[in-house]
Amino acid sequence: MRLILLGPPGAGKGTQAKLLSQQFNIPHISTGDILRDEVRENSQLGRRVAEFVKIGELVPDDIAVEVVMHRLAKSDAAGGFILDGFPRTFKQAEELNKALRQLNISIDLIIYFETSLEVSIRRLSGRRVCKGCGANFHLTNMPPKREGICDFCGGELFLRDDDKEETVKKRLAIYQKQTAGLIDYYKKSGVLRKVSGDSEANRLNARLLKMFARQNPAVLPK
Ligand code: AMP
């Protein structure tokens, strides 16, 4: 199964992508996660993108496209994948189309997470990430057992620079300006489906599993 998850920052795409990735045994490809890893490792690419990521601006299209193409070429993506946070611009969508045509594959479903501004802001500003293993928590929706400490590896939890209030507002404005238009762009594809990103995570996951089974009864979680 090949999926694209579309929607504003804080829509819950990452949470659903992680669940679906386990349920269907296909990789979760998050351009944000890949770029943050590069920044953490201080790689050549990481140094090029660090400032964009920190201040919540999109990295240049050619970099985002290269990152995704490189990841899609890995063998674990041959049987399917979940794209989370890509494409984010028309240019990226066009490049993805081109690559998929060349590979002779198509996207099964594009899920648009329609999400209220209020929920997006609440999710992002309450999110805490583990410095050690990258696990996500939320101050109220998914608090760790011990305040400030990761349940999985005992690492310290922190607030991402780009989840700070001012940067969150900017990221949401950038989403409206550069990404939201992709919803209309993909309507023509016939595989766009809308869900409520405001829903609680387990409920939304159940809804998605039902949707996939309806779309293709052969597509059941592994
Ligand atoms: P995310 O975790 O998806 O919110 O992404 C975090 C940051 O990574 C964004 O604010 C951008 O700086 C960068 N980024 C992630 N995906 C893309 C993309 N497809 N195009 C450009 N920049 C991206």
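In this predicted model, the side chains of histidine 28 and aspartate 84 are joined by a polar contact of 2.8 Å. The two residues sit 56 places apart in sequence, yet their C-alpha atoms are 7.2 Å apart in space. Histidine 28 belongs to strand β2, which runs over residues 28–30. Aspartate 84 is just one of the residues that histidine 28 touches: leaving out residues up to four places away in sequence, the others are Gly14, Ala17, Lys18, Ser21, Asp33 and Ile82.

Moving on to the ligand, 17 residues surround it, and the closest of them are Thr31, Arg36, Glu57, Gly85 and Gln92. Three arginines reach ligand oxygens with their side chains. For arginine 36, a polar side-chain atom comes to 3.0 Å from an oxygen atom of the ligand. Arginine 171 likewise has a polar side-chain atom 3.0 Å from a ligand oxygen, while for arginine 160 the corresponding separation is 3.5 Å. Taken on its own, the ligand has 480 Å² of accessible area, and the protein covers 95% of that. Two elements, α2 (31–41) and α3 (44–55), each give two or more residues to the shell. The biggest share comes from α2, which puts in 4 residues. Sorted by class, the shell is a mix of 7 nonpolar, 4 polar and 6 charged residues.

Aromatic side chains are worth a look too, with 4 aromatic pairs in the structure. In one of them, phenylalanine 24 and phenylalanine 212 meet edge-to-face, with ring centres 5.7 Å apart and 70 degrees between the planes. This pair bridges distant stretches of the chain: phenylalanine 24 is in helix α1 (residues 13–24) and phenylalanine 212 in helix α9 (residues 201–215), 188 residues away in sequence. Both of these phenylalanines are buried.

Another pair is made by phenylalanine 90 and tyrosine 185, whose ring centres are 5.7 Å apart; their planes stand at 70 degrees, over the 60-degree cut-off, so this pair is edge-to-face as well. Since phenylalanine 90 lies in helix α5 (residues 90–103) and tyrosine 185 in helix α8 (residues 182–187), the pair ties together parts 95 residues apart in sequence. The two partners differ in exposure. Phenylalanine 90 has a relative accessible area of 41% and is therefore partly exposed, whereas tyrosine 185, at 17%, counts as buried because it falls under the 20% limit. Together with Tyr186, these two residues make up one aromatic cluster.

A few backbone details round out the picture. The peptide bond leading from phenylalanine 86 to proline 87 is cis, with omega near 0 degrees. Proline 87 is in the loop between β3 (81–84) and α5.

Positive phi values turn up at two asparagines. Asparagine 25 has phi near 55 degrees, a positive value in a residue other than glycine. This asparagine is placed in the loop between α1 and β2, and with a relative accessibility of 58% it counts as exposed, since the cut-off is 50%. Asparagine 104 has phi near 60 degrees, again positive in a non-glycine residue. Asparagine 104 lies in the loop between α5 and β4 (109–114), and its relative accessible area of 70% makes it exposed.

Conventions. Residues numbered from 1 in each chain as written. Predicted model: local features only at pLDDT ≥ 70, side-chain atom pairs only at ≥ 80, totals over all residues. Heavy atoms only, no water. Near = heavy atom within 4 Å. Polar contact = N/O pair within 3.5 Å; in protein donor to acceptor, adjacent residues only side chain to side chain. Areas by Shrake-Rupley, 256 points an atom, 1.4 Å probe, with all protein chains shown as cover. Nonpolar A, V, L, I, M, F, W, Y, C, P; charged D, E, K, R; others polar. Contact = heavy atoms within 4.5 Å. Phe/Tyr/Trp six-rings, centres within 6.5 Å; stacked < 30°, edge-to-face > 60°. Buried < 20%, exposed > 50% of the residue type's maximum accessible area, 1.4 Å probe, protein only.
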